[in-house]
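Here are a few short exercises to work through with the model open beside you. Try each task before you read its solution.

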Amino acid sequence: MKDARHLVVEEPDGSVAIAFNEDVPPPELPPEPPRTRVIHRVIGVKYDRTAKLMSYALSFSSLFCLMYLDRIVDAINTLLICATTVAIHTENRPYSVIVPTSHGTISLLMVVPFAVLHMWDQVAYQVGCVVLCAFSIRTAEDVTVEHLEEIP
């Protein structure tokens, strides 16, 4: 009891008091709790410059065919290549890979019917779209940005 910092002292009249011993040092503070680290990641896709230039070339050829040939197939091709061009130029969006993948698959599936119908201009265009989509997906780079935030 002599090493205690605080003692309860009871007076003869029944009252209670707390005694304080200054010779005893105060207890050490508990260690600080570990800080929690939170990592925020923004994942995106960056496409190659050559893929962007190829998408421009196919966009212009598709618009040319739409204006001068005026077919439904050309309208569908224009819609698909415009969506692919926008997706290739959009960075820091991980879901932008979906559009070139879908467009490449559709174009690959359309090569056979156009070849059977002897629409060789459309076969060449669809093969160009397949090459563009495969090249853009193959050369795409993942972009990762890490931000550390410490929460006390």
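**Exercise 1.** Which residues are linked in a network of salt bridges? Keep in mind that this is a predicted model.

*Solution.* Start with a search of the whole structure, which finds two salt bridges. In one of them, the side chain of Arg 71 meets that of Asp 74, with 3.0 Å from N to O. In the other, Arg 71 meets Asp 121 at 3.5 Å, again N to O. Both values fit the cut-off, a side-chain nitrogen within 4 Å of a carboxyl oxygen. Arg 71 takes part in the bridge to Asp 74 and in the bridge to Asp 121. Putting the steps together, the network links Arg 71, Asp 74 and Asp 121.

**Exercise 2.** Sort Asp 74, Arg 71 and Asp 121 into buried, partly exposed or exposed.

*Solution.* You need the limits here: buried is under 20% relative accessible area, exposed is over 50%, and partly exposed lies in between. Asp 74 has 2%, so this residue is buried. Arg 71 has 26%, so it counts as partly exposed. Asp 121 has 41%, so it is partly exposed too.

**Exercise 3.** How do helix α1 and helix α4 pack?

*Solution.* First take the geometry: α1 (residues 49-69) and α4 (residues 120-138) pack at an angle of about 155 degrees, and their axes are 10 Å apart. Angles over 145 degrees count as roughly antiparallel, so α1 is roughly antiparallel to α4. Next comes the handedness: α1 passes α4 in a left-handed crossing. Then look at who makes the contact. From α1, the residues include Met 54, Leu 58 and Leu 69; from α4, they include Tyr 125, Leu 132 and Phe 135. Asp 121, the salt-bridge partner of Arg 71, is also one of the contact residues of α4. Finally, classify the contact residues: nine are nonpolar, six polar and one charged.

**Exercise 4.** Where is Thr 78 found, and is this residue buried or exposed?

*Solution.* Begin with the element: Thr 78 lies in helix α2. Its relative accessibility is 7%, so Thr 78 counts as buried. Now list its contacts, setting aside neighbours within four places in sequence: they are Ser 62, Leu 63 and Leu 66. Ser 62 also belongs to the contact of α1 with α4. As a last step, take the C-alpha atoms of Thr 78 and Val 131: they are separated by 16 Å, and the two residues are 53 residues apart along the chain.

Definitions and conventions. Residues are numbered from 1 along each chain as its sequence is written. This is a predicted model: local features need pLDDT of at least 70, side-chain atom pairs count only at pLDDT 80 or more; totals for chains, interfaces and linings use all residues. Side-chain values use heavy atoms; hydrogens and water are left out. Axes are lines fitted to C-alpha atoms, for helices over the stretch in contact, and angles run from 0 to 180 degrees between N-to-C directions. Helices (H or I, at least four residues) and strands (E, at least two) are DSSP runs, numbered from the N terminus. Angles under 35 degrees count as roughly parallel, over 145 as roughly antiparallel, 65 to 115 as roughly perpendicular and the rest as oblique. A crossing is left-handed if the near helix is turned anticlockwise from the far one by less than a right angle, and right-handed if clockwise. Contact means heavy atoms within 4.5 Å. Ala, Val, Leu, Ile, Met, Phe, Trp, Tyr, Cys and Pro count as nonpolar, Asp, Glu, Lys and Arg as charged, and the others, Gly among them, as polar. Buried means under 20% relative accessible area, exposed over 50%, partly exposed in between (1.4 Å probe, protein chains only).
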